[in-house]
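Reader: I'm new to this structure and would love a close look at one part of it. Could you pick the helix at the far end of the chain and walk me through it, then show me how the rest fits around it?

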Amino acid sequence: MSGLVWLASYPKSGNTWFRMLISNLGTEGETPADINRPTDRTPIAAARRLFDEVTVIDSLLIGPDDADCLRPAVYRTIACGDYIDPMWPRPRHPAQAPRIMKVHDAYGPTPGGEPLLAAAQAAILIVRDPRAIAPSLASHLDCTLDRAIESLGSAATVFGAHDRGFSPQLRQRLLSWSTHVESWLDQLDVPVHLVRYEDLQADTAALFRDAMRFAGRDISAAEAERAAKLADFHELQTQERAQGFRERPRNAGSFFRRGKAQAWRDELSSAQIARIEAVHGRVMRRLGYAL
């Protein structure tokens, strides 16, 4: 069996929060996990360091298409246990396996036609209302709301590929929000467990426990409740204000910004809401988001 489960999402959909829930399973007592030193330190799938160590190739010397053609082999190597990152904490017991790894790429083929992300045994897909993603993405990218909305609707949207200097991550093809979501839901290679951000907020412990069970790790109701308490959004905000957060881009606003399901209602204009719904309405309805 594969030792790898994707934690997949479009950026700013709750991936980091979910990983902090996992991290708080590995702590003791009532002290929350440090957001900058989580017990679960698994890197993002597109981490350049991870690629370089597994392939023994300097990824800066090859193009993004060539890197994509090699990435499936990297993930197979991780999944079968032939490579273990020295920075990854050792599980306390076998029930903590498999490795859950963050990924933002849309599901699709490499330039050579091979599925990029088929090495995992399963995927937890976190989705979020695109009307809520837009303000958060604008803050994260230090851009206007209109520019963030444009990115959400563009098939050309990527992460990790820019002209502003070295990126610690390889290029990730996000595509549009709608295409990203359906690329994961409609592929047949990897079983998917869908989690809506809004539902996770409403009943964090229960949905977290269900997702972890799907990933191959049974946790008790008490463990799930404790993790939900210690990774409460207010706690994450408090830590970021006190010590900063290393995953926050240099000119971005707060990483743990508002975390409220309906905050977009007082952040977007009616015209901006209409733009998002016009482009993504079909998939929003598929996921149960009312227009």
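Author: Happy to! A helix here is a DSSP run of H or I of at least four residues, and helices are numbered from the N terminus. One thing to keep in mind is that this is a predicted model. With that settled, we can begin where H11 stops: it is followed by Gly 288, whose phi is positive, near 90°.

Now step back into the helix itself. H11 covers residues 270–286 and has a kink of about 75°, centred on His 280. His 280 is also one of the buried residues of H11, together with Gln 272, Ile 273, Ile 276, Gly 281, Val 283 and Met 284. What do these buried residues pack against? Their partners are three helices: H4 (130–141), H5 (145–152) and H6 (177–186).

Let's follow the first of those partners. The axes of H4 and H11 are 10 Å apart and meet at an angle of about 130°. H4 is therefore oblique to H11. On the H4 side of this pairing are Pro 130, Arg 131 and Ala 134, which meet Ile 273, Ile 276, Glu 277, His 280 and Met 284 of H11. So His 280, where the kink is centred, is also a place where H11 meets H4.

Glu 277 deserves a stop of its own. This residue sits in H11, and, setting aside its neighbours within four places in sequence, its contacts are Arg 131, Met 284 and Leu 291. There is also a link to the chain beyond the helix: the C-alpha atoms of Glu 277 and Ala 290 are 9.7 Å apart, with their positions 13 residues apart in sequence.

How does this fit into the whole? The protein has 11 helices and six strands, and 52% of its 291 residues are buried. Of the contacts between residues at least 6 apart in sequence, 72% join residues at least 24 apart. On the outside, about 13300 Å² is exposed, and carbon and sulfur atoms supply 51% of that area.

Inside, in soluble globular proteins, nonpolar side chains tend to be buried together. The largest nonpolar core here has 50 residues, and those that touch the most other members are Leu 4, Trp 6, Tyr 75, Ile 78, Leu 117, Trp 177 and Trp 184. Take Tyr 75: beyond four places in sequence, it touches Leu 4, Trp 6, Ala 45, Ala 46, Leu 116, Leu 117 and Ala 119. Another core lies apart from this one, with 28 residues that include Val 5, Ile 126, Ala 215 and Ala 227.

For a second helix pair to set beside H4 and H11, look at H2 and H3, which pack at about 75° with axes 10 Å apart. H2 and H3 are therefore roughly perpendicular. Leu 50, Phe 51, Val 54 and Thr 55 of H2 meet a set of H3 residues, among them Ala 67, Leu 70 and Ile 78.

The loop between H2 (48–55) and H3 (64–79) holds Val 56, which has a positive phi of about 55° although it is not a glycine. Is Val 56 buried or exposed? Val 56 is exposed, because its relative accessible area is 72%. Lys 12 also has a positive phi, about 65°, without being a glycine, and lies in the loop between strand E1 (4–9) and helix H1 (15–23). Lys 12 is buried, because its relative accessible area is 11%.

Technical notes
Residues numbered from 1 in each chain as written. Predicted model: local features only at pLDDT ≥ 70, side-chain atom pairs only at ≥ 80, totals over all residues. Heavy atoms only, no water. Bend = angle between axes of the 7 residues up to and from the residue. Helix = DSSP H or I, 4+ residues; strand = E, 2+ residues; numbered from the N terminus. Buried < 20%, exposed > 50% of the residue type's maximum accessible area, 1.4 Å probe, protein only. Contact = heavy atoms within 4.5 Å. Core = buried A, V, L, I, M, F, W, Y, C linked by side-chain atoms within 4.5 Å. Areas by Shrake-Rupley, 256 points an atom, 1.4 Å probe, with all protein chains shown as cover. Axes fitted to C-alpha atoms, helices over the stretch in contact; angles between N-to-C directions. Parallel < 35°, antiparallel > 145°, perpendicular 65-115°, else oblique.
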